[in-house]
Amino acid sequence: MISLHIMVASLCRSITRSVRCMCGNNMSAPLPAIVPAARKATAAVIFLHGLGDTGHGWAEAFAGIRAPHVKYICPHAPIMPVSLNMNMAMPSWFDIIGLSPDAEEDDSGIKKAAETIKALIDQEVKNGIPSHRIVLGGFSQGGALSLYTALTTQQKLAGVVSLSCWLPLRSTFPQAANNTANKNINILHCHGEADPLVPLVFGCLTVEKLKNIVGPESITFKTYPRMQHSSCPQEMMDIKHFIEKQLPPIN
């Protein structure tokens, strides 16, 4: 999917960030980074970070655009060996084996990770926030997992924010979405036009696949000139507006 030397260089940068944030953690994932609602929470955003990262940076980003009635939950991936990076252990939602479009995928790992995210959604439902008041999202590997989870769960969600990512196990769709509660879910898919890690073409191909699953009217596709494998202020504003639309205040 992406060139090996660029991916490994990016992973090294991500690992450095992770060591700073997660020094002292064991092999299990720590508690999520949370931005609490400024008043009673009537909605939530669950957002998944990328490979080798943690939820802390995204929690800080959401603190800058938060709506007062929304709780933002940024969980941390467990630390595991990643095949692509010589089995080096790092925060990862599932294993990444290869980079080409036809590379083997971690089928069982992706499905196990999706169950973990579904459990997080269930926990928020138990806390009093119905699933249809929850937006699920993520960046890169986390965005891929958010798409797969939303399209295979029976939990009705408010929307998906997928950033700089792809649809994993894409050959199993649309059949994999036959029993989902989110056949017409609204998806904001964003991608940098200068992304060297997950090139824009993969964002375009993902959007075309998503149109066949949930319908073209449910997809909003935003691209950003000169943005690489990262975020930018305009993208954060687009995310803010999408969340405000999908999760309006209620009395």
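**Close-up views of a predicted model**

**View 1. Q155 and its surroundings.** In this predicted model, Q155 is found in the loop that runs between α4 (141-152) and β7 (159-163). Although Q155 belongs to a loop, this residue is buried, because its relative accessible area is 12%, which falls under the 20% limit used for that class. The side chain of Q155 reaches the backbone oxygen of K118, the distance being 2.9 Å. When residues up to four places away in sequence are not counted, Q155 touches K118, I121, D122, S131, A181 and N182, so that K118 appears both in this list of contacts and as the residue whose backbone oxygen the Q155 side chain reaches.

**View 2. L31 in a loop.** L31 has its place in the loop between α1 (4-22) and β1 (33-35). With a relative accessibility of 75%, L31 counts as exposed, because the class begins over 50%. Along the chain, L31 and A77 are 46 residues apart, and in the model their C-alpha atoms are separated by 10.0 Å. In soluble globular proteins, nonpolar side chains tend to be buried together.

**View 3. L145 and the largest nonpolar core.** The largest nonpolar core comprises 44 residues, and L145 and I187 are those with the most contacts inside it. At least two residues of this core are supplied by each of β2 (43-48), α3 (107-126), β6 (134-139), α4 and α5 (200-214). The largest share, six residues, comes from α4. Leaving aside neighbours within four places in sequence, L145 is in contact with L48, W93, F94, I110, A113, A114 and I117.

**View 4. A second core.** Separate from the core described above, a second core of 28 residues is present, and among its members are A43, F47, V70 and F139.

**View 5. The whole protein as context for the close-ups.** The protein contains six helices and nine strands, and of its 251 residues, 53% count as buried. Among contacts in the protein with a separation of 6 or more, 75% are accounted for by residues 24 or more positions apart. The accessible surface of the protein comes to about 11,100 Å², and carbon and sulfur atoms account for 56% of this area.

Definitions and conventions: Residues numbered from 1 in each chain as written. Predicted model: local features only at pLDDT ≥ 70, side-chain atom pairs only at ≥ 80, totals over all residues. Heavy atoms only, no water. Helix = DSSP H or I, 4+ residues; strand = E, 2+ residues; numbered from the N terminus. Buried < 20%, exposed > 50% of the residue type's maximum accessible area, 1.4 Å probe, protein only. Polar contact = N/O pair within 3.5 Å; in protein donor to acceptor, adjacent residues only side chain to side chain. Contact = heavy atoms within 4.5 Å. Core = buried A, V, L, I, M, F, W, Y, C linked by side-chain atoms within 4.5 Å. Areas by Shrake-Rupley, 256 points an atom, 1.4 Å probe, with all protein chains shown as cover.
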